[in-house]
Each structure stands twice: as C-alpha cells, then as structure tokens.
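Hi! Here are my notes on the model you sent over. Have the structure open while you read, and tick off the points as you go.

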2 protein chains.
Amino acid sequence: MEDIKKESKREVTIMDVAEKSGVSIATVSRVLNRTGRYSDETSRKVLAVAREIGYTPNYMAKSLKRKKTEQIALAVADIGNPVYVAMAKAVQQVVKEHGYRLVLLSTEALASEEYGIIKSLSKQYVDGLIISPLLYSDEHRELIKQAARPVVVITGSESDPDIDSVLVDSSQGVRLAMEHLLGQGRSRIAFLNGRPDTVPGVARLNGYYASLIEHGLPRDDSLVFASDFTLAGGYQVAEEILSRAKPDAIMCANDLMALGVMRYLREQRLRVPEDIAVVGMDDIEHGASSFPSLTTVSLLAAERGRMAAELLLSRLTSDEIQKPKQLQVVPRLIVRESSVVVKG
Amino acid sequence: MEDIKKESKREVTIMDVAEKSGVSIATVSRVLNRTGRYSDETSRKVLAVAREIGYTPNYMAKSLKRKKTEQIALAVADIGNPVYVAMAKAVQQVVKEHGYRLVLLSTEALASEEYGIIKSLSKQYVDGLIISPLLYSDEHRELIKQAARPVVVITGSESDPDIDSVLVDSSQGVRLAMEHLLGQGRSRIAFLNGRPDTVPGVARLNGYYASLIEHGLPRDDSLVFASDFTLAGGYQVAEEILSRAKPDAIMCANDLMALGVMRYLREQRLRVPEDIAVVGMDDIEHGASSFPSLTTVSLLAAERGRMAAELLLSRLTSDEIQKPKQLQVVPRLIVRESSVVVKG
DNA sequence: GTATTTTGCGTAAAGGTTTACGCAGATCCT
DNA sequence: AGGATCTGCGTAAACCTTTACGCAAAATAC
C-alpha cells in the first residue's frame, strides 16, 4: 500500500493559449477582456483555443495586477438572525446587478473578528465592505477611517460624520411600539433587551426609558430584562420575566426573542394578547406567520441593505472623492394579533 | 467646484518594511511568516517597523505564489432557508478551528450560478468548495470531477462514487413520517412537494409514493401538490390543497412550507392536528416553537455540514490521494404537536 | 590550528496577469 | 507620391509575494 502523492497538474495559463494560437499573451489578454485592439480573425482563433484547452483566468494574478476583485463583503453579527438574511439578500441583489459577487461573513458578534476583517480588508479578497457591527466602538471607527477600501456601516442612529453610514433610530422604533401598547391600555410593560452592551441594545433600552418619561410613567428597573437576541434566549428568560415582573405586556428588543417568549407563554397556557401582549422588532418573516402573529416594528432591513450596497458601489465605481454620506430610514410600526385584543 | 481625483495612496509593501529596517525582503518575509532562519534581533526590528508603518500583507500576491487562500466556500441554494443557515454555522465552526475562513455563496437555486462557481473554482479565491446543489445533473458531476480544487457535495441518497459526498436519504425520511401519520389513523394524506425538478423534490415525492405502496394504499395524484420550498409558497398553495384534496393530513416536503400551510389553516379556523395533521421536514428551529409545534423529520443538516467540512479539510491538508468517500446520515422522526391529537 | 557544520541573510526567479509603449504595415489625405 | 493616421500586435515592466540557492561569518569539532 503505497502513498501516491498528488500530481500537481499545471494549470493552463494565458501563455498556453498564446502559444497554441500563435499570438502573444498581450493579444490573448486583450481578446479575453475585450479591451484594446485586435482583429476579428485573431479573436476567433484565441477564443477557440481558450475553450479547447479549457482556459480559465487566474483571479489571483488578475486582481494582483488590477487591484480589483469584483467582490464585496457583508459582515453581520449572526447569520442565524433572519433580519440579517433579509439584509444580505437585498445586498446580494444589488451587487449582482453590478457584476459583483457577495461574500457573506458571520462574525458571531465578536469584536475581534470585526477588527480583523476591517484591518486586513486593505488587501483581502474584496473591494469593499458593508458591516453591521453589534458593537461600534471608537476602535471600530478608527479602523474604518483608516481602512484602505471603502466601508459602509449599517448601524443605529448615530455614526461618525466621516464614515459612510446607513442609519435607523431603533430607539424611536421602541417608542412607537410603546405608544401602541399604552394605547391598548397596557400599563405594566416589561422590556426584554438583547445584549445591553451592543448598539441596538443601548438604543432600544433608551427608547423604552424615553417612552416612559414621555408618558409620565415611573421608571421601574425590575421590569427590565436582558437576553441575547436569539429565540432560545427569549424562551429561557421568559419564566423570569413572568415571575418577577408580572407584566401585562412584554416589549421585546427583537422578533426572535419575542417568538421565544410567546412560545413559553403558550406552554404556560397564557393567552397572547388577552393575558399578555407581546411586541417585537425587526419584522422578520416568521413573525407574520406565527400564532398569534407578532406585532412588530420594521427597521427596513432589506431597504437598508439595498441603500448600503448602492452607496458602496458608488464609492467603488466613481473615482471622485465625495463627502461621506449618512443615510437614514425611519422605523414603522406593524400591528398584528399579538398586541390587540379583539372583542368577540 | 472641481472634481478631486482620488489620490491612490500606494499600499505599504514588504519592500517598505525591508528598506526601513535595513534588511532584505526575504528576511522580512521569513520573520513575518515565522519560517526559515533569522535572528531574534532582526525579528524584533522587523516586527517593530511593520507595526509602525502599518504593514499588512497583500493576500493576492501571497496566494498567487502560495496557491492557497485559506478560504473555503459553501454554496447553498437559498440562504433564506434556515436549514442552510444551520449547515453554514456548522461548517463555519469546523473551518474556523482549522484556521480557514468561510465564504458563503447563495446561488438562488440557479444551476448556471452553480456551474460558474465550480468551473472557475480552479482559480477563484478559495481552496475548496462544499456545495449543496438543488439540482444535480450530469453536468454538475462532470464539472465537479474536473474541478481543480477539492469539492464536497451535500446531496440526497445517491451521488457519483468518484465524488466526495455527504448523503441523506430524504425519501426514507418521508417514509418515516408517513408511517407515523398512518399510525395516527390518518388515511387521506396530501403531499406538498417543493420544486419537483430538484434532488430533494424527486426524492421526497418518491418516498411518498413508496410509502403508499408499502401500506397497500392507492396512488392518487390528485393528492399531490408542488410549491417552492418557501414559507410564502406553502401558504399560497394551501388553499388549493384544502379545496381540491380535502385531506386529513398534509405531508410537506420541508418545514418552511409546513409553517406556511399551518398559517393558512389557522386563518381558516381549522385546528391542527385535530382537523388536519401537518408534518414537515428539516427540523428548523422555528418548527419547535411554532404553534402548534411542528412534527418533522430531521435530516441532520448541522451534522452533515460538519462532516462535509471535515472531509474537505482533510482533502486540503493531506497530500496523499485518497479514494472519494461517501458519508451517510440517517433521518430521524421528531414527533411534536402538529400530528398527534391529545385526548383531553 | 584547520576542517566542518550551522547560522543569518541576500539575490533572483517564479507565480499569471494587465497594460504602457513602440513598431511595422496598411490606409487615408492632399 | 509623400506624409500623416490608423490598425494589429509584440516586448517588457509591474503588481507583491514566497522560496530555492548560495555565500560569508560564526560556531563547533577534532
């Protein structure tokens, strides 16, 4: 039983095509890229030979020379969250229309991962980056400003004026939802936050507090809970919310946690919305088809993805320097069954 | 108002580091890659300079020379399907442990996309590919065999013996579920397929038919429907299923469609499982927390992802040629509320 | 003390492209 | 017919690394 070493079959290069068709590599390159001048006859010959011997360009070499990869990256915290999937799909569509490819990176909410991506971005396999960081520290901002490729940030309501950003005020979104709940006669509204050290975590909690103040309600920290933005996380913390806060409504910082909470409530034979109203945020597809369907606040993830992609592409294709842009989108309340008692 | 052209600030290269630290580029490269021989003193100096002037390697040049990118790709049909997300997460974890990065590609179920990826794979920005094709034609197989980088296919129950594959017999999975439904006393079981021209579409429909034969039931094509494996698709076709087939159970080819169907049933005030039982397939997280929770068949997506990743990495790291492997996983029935009537 | 090995580092080639430049021949103008 | 312009193509440099090879100096051996 002998070990057979891999024979490293040499790749077929542009030189092979050139030789076999009796022209120079420059000509082959011109034909293949439809650039410069060449006759119809040589074009036909070169293309025929290329197909015959199965030539495909080496993108490493190509982009080393061109300083372009025709790829862009989207870095999100957790691809398990449908809201990022929706964002990714929107980005994908836009970049594809422009002949770019999308590379999806999931950072698992690790700042170190994010730093690494931004830092080595300069010479990575992408021409630009869209990043939606869960955390958005000074270090992020510093790295992004120094990054050697265009970066667009999708984040909360405030960014750095020197950084291209697509913003949404999710604190405002929470206020919309709170207003709705209060309007439905709920008075003891618990708040289930995600990780409180993250951008959305901070913003949404602020929205909750701001809303209480607006309505002259007392701030009661025993009504505030935190989990991790996942369905399982919402499910786990639900018991504690019920036993400790005894609320008549639960405002959740995102839809996944809201669905987790509703699952627990159902298991406890509690009726939503009759016993407890539940509201989420993000407007993921599953919220529309859950039972009861979930009242939520849309932060227009797809729209923001589209805007970010278009902004990034405009940076890549134009070679004039333009002032950094700050685009904004406004949250929208979507009322469904989980928060409105229908009188039979 | 004048157009300011981007000044293309020259990247800092290994030559800059070499010059500033008074050594040759070879030495810098050795220090940076911890390879070959160099003294402690030069190491310190080089590293200091590199950090000072902010050097980061150009991966294009590096991989052109090394013929390695330290990246692998996972191509799936639809990243909007949570089952692929679960798969991706498992792959991500494995490759990360080995110092590789995962690039996620969503083909939107287009065979042409898949062909393109496999073809140009040889000189793309990845060292290997894991692909879970919705369609799996002869052309796929041919291209995969000729691909210049290792490819692992995640697909149904049969592949090519010359291709590294991770398999699961989803037809068997459907039979498990059917057996369960029949055991619950259901007799008029409709089948909601996904796209029937796909690998899973064919397999699952076959499983349905096989199951009927096993139990001596007549084949009734008016009970068979097709959609597109999405939640919205399941929702849309549900009305037709009800009006045309009048079933007492609906076997869905995947969980997303099952959730869509359940949503429609609820809107129609039909009780699941009392009026109609519903079973899905894939075991996505949302199925466990839907109401009622969804009986399903797990095809062990995460496990298959893990296996595929490990297989691919073993191909990449060992340089002995080994016979292609066919790994298999067996489906598992998961009974939940949507198919079992509890007597109160 | 010389002979051998080890150490540290530099030179230069290679990896596969794209592209600026230049040259010869064909075409056009007057 | 002589000059200018256009056309098609080749030569060679550049993109930034890694690495085989070789050489001088230092360390070790006897």
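Let's start with a warm-up: is Thr69(B) buried or exposed?

1. Thr69(B) counts as buried, because its relative accessibility is 8% and the cut-off for buried is under 20%. Bear in mind that this is a predicted model. You'll find Thr69(B) in the loop between H4 and strand S1 (71-76) of chain B.

2. So who sits around Thr69(B)? Setting aside neighbours within four places in sequence, Thr69(B) is in contact with Met60(A) and Tyr125(A) from chain A, and with Ser63(B), Gln124(B), Tyr125(B), Val126(B) and Asp127(B) from chain B.

3. Next, look at how the two chains relate. Chain B superposes on chain A after a rotation of 180° with 0.0 Å of shift along the axis, and the RMSD is 0.1 Å. That is the relation of a two-fold axis. Of the interface residues of chain B, 100% are also interface residues in chain A, so the copies meet through the same surface.

4. Now for the DNA. Strand D has 28 residues around it, and the closest are Ser24(A), Thr27(A), Ile14(B), Ser29(B) and Lys65(B). Among the atoms of DNA strand D that come within 4 Å of the protein, sugar and phosphate account for 57%.

5. Some individual contacts are worth clicking on. In the side chain of Arg30(A), an N or O atom is 3.0 Å from a base nitrogen of DNA strand D. Lys67(A) has a polar side-chain atom 3.3 Å from a phosphate oxygen of the strand, while Asn58(B) has a polar backbone atom 3.3 Å from a phosphate oxygen. The elements giving two or more residues to this surface are helix H2 (25-33) and helix H4 (59-66) of chain A, plus helix H1 (14-21), helix H2 (25-33) and helix H4 (59-66) of chain B.

6. What is the surface near DNA strand D made of? Its residues split into eleven nonpolar, ten polar and seven charged.

7. Last, the inside. In soluble globular proteins, nonpolar side chains tend to be buried together. Here the largest nonpolar core has 155 residues, and Ile130(A), Val278(A), Ile130(B) and Val278(B) touch the most other members. Apart from that core lies another, of 37 residues, including Val103(A), Leu105(A), Ala75(B) and Ile131(B).

8. Try zooming in on Val278(B). Not counting residues up to four places away in sequence, Val278(B) touches several residues, among them Ile250(B), Cys252(B), Met262(B), Leu294(B) and Ser339(B).

Definitions and conventions: Residues are numbered from 1 along each chain as its sequence is written. Chains are lettered from A and ligands numbered from 1 in the order in which they are written. This is a predicted model: local features need pLDDT of at least 70, side-chain atom pairs count only at pLDDT 80 or more; totals for chains, interfaces and linings use all residues. Side-chain values use heavy atoms; hydrogens and water are left out. A nonpolar core is a set of buried Ala, Val, Leu, Ile, Met, Phe, Trp, Tyr and Cys residues joined through side-chain atoms within 4.5 Å. Buried means under 20% relative accessible area, exposed over 50%, partly exposed in between (1.4 Å probe, protein chains only). Contact means heavy atoms within 4.5 Å. A residue is near a molecule or strand if one of its heavy atoms lies within 4 Å of it. A polar contact is a pair of N or O atoms within 3.5 Å; within protein, one must be able to donate a hydrogen and the other to accept it, and residues adjacent in sequence count only if both atoms are side-chain atoms. Helices (H or I, at least four residues) and strands (E, at least two) are DSSP runs, numbered from the N terminus. Ala, Val, Leu, Ile, Met, Phe, Trp, Tyr, Cys and Pro count as nonpolar, Asp, Glu, Lys and Arg as charged, and the others, Gly among them, as polar. Copies are superposed by least squares on the C-alpha atoms of residues with pLDDT of at least 70 in both.
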